[in-house]
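Welcome! Take a look at the model below, then work through the exercises at your own pace, each with its solution.

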Amino acid sequence: MQFLKLELSLLKEIALDEPIHLIQEESVNYEEPLIKFVNQIIEHALQQAASDIHIEPYETICRIRYRCDGLLHEVAQIPIAFAARVMTRLKVMGKLDITERRLPQDGRFLFFSTDIRINACPTLFGEKIVLRLLNTKKLALTIDCLGLTLEQQELFVKKISQPQGLILVTGPTGSGKTVTLYSALHYLNTEEKNILTIEDPIEIQLPGINQINVNPKMGLDFSTALRACLRQDPDVIMVGEIRDSITAEIAIQAAQTGHLVLSTLHTNSAFETLSRLKSMGIATYPLINAISLVISQRLARILCSHCKQSEKLSRDLANTLKLSESTSFFHAIGCQSCLKGYQGRTGIYEVLNVNETIIHTILADKPSAQLAKRAKHQGHMSLYENGLQKVIQGITSWSEINRVLPQ
């Protein structure tokens, strides 16, 4: 599957001298060229398994790009004269104010069975619109599909099966943290458990789980919602993100008083997570009594099984990686079955078990590097080592690991 371009013939049927009909969705004529073109943009993105659509106006053209497997790809350039009409149609679909072009706006709409978030943001040559496609029906929310090693998976399942404790998933935006948490909730979702989530926004609707969408404008922030959840007789609480010390303190208190708490934090490694919480003012003793597992993760593209090719390592690279020169790595080629040699993504994980040795190191106020050294003696696998393992297994390429985990 080479990346397909959008068919722009419909643009010839859109009359620029006619006013845009701002009709209601329930009475829309889907045969109108403008509506057909906008629908084609979304349908085409879904066919390509895109996660986002970027519609970007410039001085003379409007660029349309899809984000597939974490990277943006241009699919079309349309004349700038059509941009305003496309933007207006999308804003109508997202129930945004079409007269407001100076301030950012957020909305949401359903495109057949796909939930779509829309954001409009003013730029130099007009509004840029980004659509986030939440095609949740294609998501496999099972722990087996995350990409954890057998040892990491067993530890993860063991920790989320405990009745209390704090489990944190860390990494940059777009590293798959939400799917990891939802997979844990899917595993825990039984009739006997009361599970609540606090999210901004709710990305995946899970039957049997009580999900709360924060609304800071109305005073419903993470800390307020978390306090309310603790009065709802919870067994498991998932906090979308720990953003401040108040939320962190309440989450740690909940984890110490008989609740399993899952959340995310923006740090680069599992060890930096502990330092980050301490820098937020969290006392050491409550932290070590509450936290049981920290997972740091990234997403790497999977090599296409139809066209990937193997090559022997150079002597220099083999020496650098401490591997035999007979080791083969695979690299991307590209064929009709994939996108530039890759198809889908898998997780790269660092799973830190906060055991007695790690706790003693934290109590001794050792830096993150010392924590990592102690954990390595216990067989801890770093992000880099897990990525290299997936390269040796032929799951991904060395160049992809260097892109995701720059040294």
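## Exercise 1: An enclosed strand

Strand β8 covers residues 195-199, and five of its five residues are buried, so the strand is largely enclosed by the rest of the structure. Keep in mind that this is a predicted model.

**Task.** Work out which way the residues of β8 point, and which strands pair with β8.

**Solution.**

1. Start with the side chains. Ile 195, Thr 197 and Glu 199 point one way from β8, while Leu 196 and Ile 198 point the other way. Residues on both sides are buried, which here means under 20% relative accessible area.
2. Now look for a partner strand. β8 pairs with β10 (residues 236-239) in the parallel sense, over four bridges. In this pairing, Ile 195 stands opposite Val 236.
3. Next, find β9 (residues 210-213). It runs parallel to β8, and four bridges join the two. Here Ile 198 stands opposite Ile 212.

## Exercise 2: The whole protein

**Task.** Describe the overall build of the protein: what is its secondary structure, and how does its radius of gyration fit that of a compact globule?

**Solution.**

1. Begin with the secondary structure, which comes to 13 helices and 15 strands.
2. Turn to the dimensions. Along the principal axes, the C-alpha atoms fill a box of roughly 75 × 60 × 40 Å.
3. Compare with the globule rule. A compact globule of 407 residues would have a radius of gyration near 22 Å, and the protein has 24 Å, so the two agree.
4. Check the inside and the outside. Buried residues make up 48% of the 407 residues. The protein exposes about 19900 Å², and carbon and sulfur atoms supply 51% of that area.
5. Finish with the contacts. Of those between residues at least 6 apart in sequence, 63% join residues at least 24 apart.

## Exercise 3: Following strands through hairpins

**Task.** Trace the chain from β4 through β5 to β6, and say in which sense the strands pair.

**Solution.**

1. Take β4 (residues 105-111) and β5 (residues 114-123). They pair in the antiparallel sense over seven bridges. One place to look is Phe 111, whose bridge partner in β5 is Thr 114.
2. Look at the connection. β4 and β5 form a hairpin with two residues between them, and Phe 112 in this turn has a positive phi of about 55°.
3. Move on to β6. Nine bridges join β5 to β6, and these strands run antiparallel. Asp 115 stands opposite Leu 134 in β6.
4. Check this second connection too: a hairpin joins β5 to β6 through two residues.

## Exercise 4: Salt bridges across the sequence

**Task.** The structure holds 13 salt bridges. Examine the one between Asp 52 and Arg 132, then see which partners Arg 243 has.

**Solution.**

1. Find Asp 52 and Arg 132. In their salt bridge, the closest N and O atoms are 2.5 Å apart. Asp 52 lies in strand β1 and Arg 132 in strand β6 (residues 126-134), so the pair ties together parts that are 80 residues apart in sequence.
2. Compare how covered the partners are. Asp 52 is buried, at 6% relative accessible area, whereas Arg 132 is partly exposed, at 30%.
3. Go to Arg 243, which forms a salt bridge with Asp 200, with 3.3 Å between the closest N and O atoms. Asp 200 sits in the loop between β8 and β9, and Arg 243 in the loop between β10 and α6 (245-256), so this pair links parts of the chain 43 residues apart. Asp 200 is partly exposed, at 35%, and Arg 243 is partly exposed too, at 43%.
4. Look for another partner of Arg 243. Its side chain meets that of Glu 241 in a salt bridge (3.2 Å, N to O). Glu 241 is buried, with a relative accessible area of 18%.
5. Last, find the network in which salt bridges with shared partners join Glu 56, Arg 63, Arg 65 and Lys 128.

## Exercise 5: A nonpolar patch

**Task.** Locate the surface patch that includes Tyr 58, and describe where Tyr 58 lies.

**Solution.**

1. Pick out Tyr 58, Leu 124 and Phe 125. They form a nonpolar patch on the surface, with about 330 Å² of accessible area together.
2. Place Tyr 58 in the chain: this residue lies in the loop between β1 (52-57) and β2 (61-68).
3. Check how open Tyr 58 is. Its relative accessible area is 34%, so Tyr 58 counts as partly exposed.

Methods: Residues numbered from 1 in each chain as written. Predicted model: local features only at pLDDT ≥ 70, side-chain atom pairs only at ≥ 80, totals over all residues. Heavy atoms only, no water. Patch = residues over 30% accessible without salt bridge, like charges linked within 9 Å, V, L, I, M, F, W, Y side chains within 5 Å. Areas by Shrake-Rupley, 256 points an atom, 1.4 Å probe, with all protein chains shown as cover. Salt bridge = Lys/Arg side-chain N within 4 Å of Asp/Glu carboxyl O. Buried < 20%, exposed > 50% of the residue type's maximum accessible area, 1.4 Å probe, protein only. Pairing = 2+ DSSP bridges. Rg over C-alpha atoms; globule rule 2.2 N^0.38 Å. Contact = heavy atoms within 4.5 Å.
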